[in-house]
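Trainee: I would like a close look at one part of this model, the start of a strand and the side chains there. Please add some surface features for contrast.

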Amino acid sequence: MPHFAALPPNALPPGYKHGYKYISIMINVPLYMAYLLRLVESKGATLLRMTIPTSKCFEYSLQHVVESVRAHNHDNNNNNRGNVAVSDIAIFVNATGISAGTLVPDPAVYPIEGHVLIVRGVARQITICKSPSGSGPAASERQLWYALPRKESHTTVLGMTNHEGKWISEPDPA
């Protein structure tokens, strides 16, 4: 990592024992995903959005994808592409989010609740901090908070993570 350095104790906020600085890359995900979609579509890819069953094994889920591709090709009179097999799928993007652990299955995959706010104005730098022990809402909780500048859109992403294993996908109005 370029220019990685530990910060001296006098450069740390009160309660912090360690801090580091370095040069890193940051990707504006909405812009990058739109670019990737345009790129793969220009190469002839077809985007299909669907709900994939996660109640069984991964092969079952992938077979569901194959059947959906067959149906799509048949509906669009692509008879030469109607006979699709699992081996014919070159790229399979798993964007299941919170359900990723049930698709594979992998009990080590679990959600971490977070809060994100996009504000006008660009932060001067990427900032990531982990709160000292005992400073979260519950005395034993630690929080990770961050400020991520998005120069292209003149905004900054402010965020915080906390509450490992919280499976609720609806936003918390509080």
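What follows takes two neighbouring threonines in turn, then an aromatic cluster and a nonpolar patch.

Mentor: The model is predicted, and the description below should be read as such. Start with threonine 155, which lies in strand β6, a strand covering residues 155–164. Threonine 156 has its place in strand β6 too.

Take burial next. Threonine 155 has a relative accessible area of 13% and is therefore buried, the cut-off for buried being under 20%. Threonine 156 comes out at 4% relative accessibility, so it also counts as buried.

The polar partners can be given one by one. The side chain of threonine 155 makes a polar contact of 2.8 Å with the side chain of serine 153. For threonine 156, the side chain reaches a backbone atom, the oxygen of glycine 121, at 2.7 Å.

The surroundings are given here without neighbours within four places in sequence. On that basis threonine 155 is in contact with Ile118, Val119, Arg120, Gly121 and Val122, and also with Leu148, Pro149 and Arg150. Threonine 156 is in contact with Leu117, Ile118, Val119, Gly121, Val122 and Ala123, as well as Ala147, Leu148, Pro149 and Arg150. Gly121 is thus on the contact list of threonine 156, and its backbone oxygen is the atom that the threonine 156 side chain reaches.

Now the aromatic side chains. The structure holds three aromatic pairs. In one of them, phenylalanine 4 and tyrosine 20 are stacked, with 5.4 Å from centre to centre and 20° between the planes. This pair links distant parts of the chain: phenylalanine 4 sits in the segment before β1 (5–6), tyrosine 20 sits in strand β2 (residues 20–21), and the two are 16 residues apart. Phe4 and Tyr20 form one aromatic cluster together with Tyr22. Phenylalanine 4 has a relative accessible area of 47%, so it is partly exposed. Tyrosine 20 is also partly exposed, at 46% relative accessibility.

The last item is on the surface. A nonpolar patch there is formed by Ile25, Ile27, Val29, Tyr32, Met33, Tyr35, Leu39 and Val40, which together have about 750 Å² of accessible area. One of these residues, tyrosine 35, is found in helix α1, residues 29–42. Tyrosine 35 has a relative accessible area of 41% and is therefore partly exposed.

Conventions
Residues are numbered from 1 along each chain as its sequence is written. This is a predicted model: local features need pLDDT of at least 70, side-chain atom pairs count only at pLDDT 80 or more; totals for chains, interfaces and linings use all residues. Side-chain values use heavy atoms; hydrogens and water are left out. Rings of Phe, Tyr and Trp (its six-membered ring) pair if their centres lie within 6.5 Å; planes under 30 degrees apart count as stacked, over 60 as edge-to-face and the rest as tilted. Helices (H or I, at least four residues) and strands (E, at least two) are DSSP runs, numbered from the N terminus. Buried means under 20% relative accessible area, exposed over 50%, partly exposed in between (1.4 Å probe, protein chains only). A polar contact is a pair of N or O atoms within 3.5 Å; within protein, one must be able to donate a hydrogen and the other to accept it, and residues adjacent in sequence count only if both atoms are side-chain atoms. Contact means heavy atoms within 4.5 Å. Patches are made of residues with over 30% relative accessible area and no salt bridge: like charges are joined within 9 Å, nonpolar side chains (Val, Leu, Ile, Met, Phe, Trp, Tyr) within 5 Å. Accessible areas come from the Shrake-Rupley method with a 1.4 Å probe; for residues, only the protein chains shown count as cover. A salt bridge is a side-chain nitrogen of Lys or Arg within 4 Å of a carboxyl oxygen of Asp or Glu.
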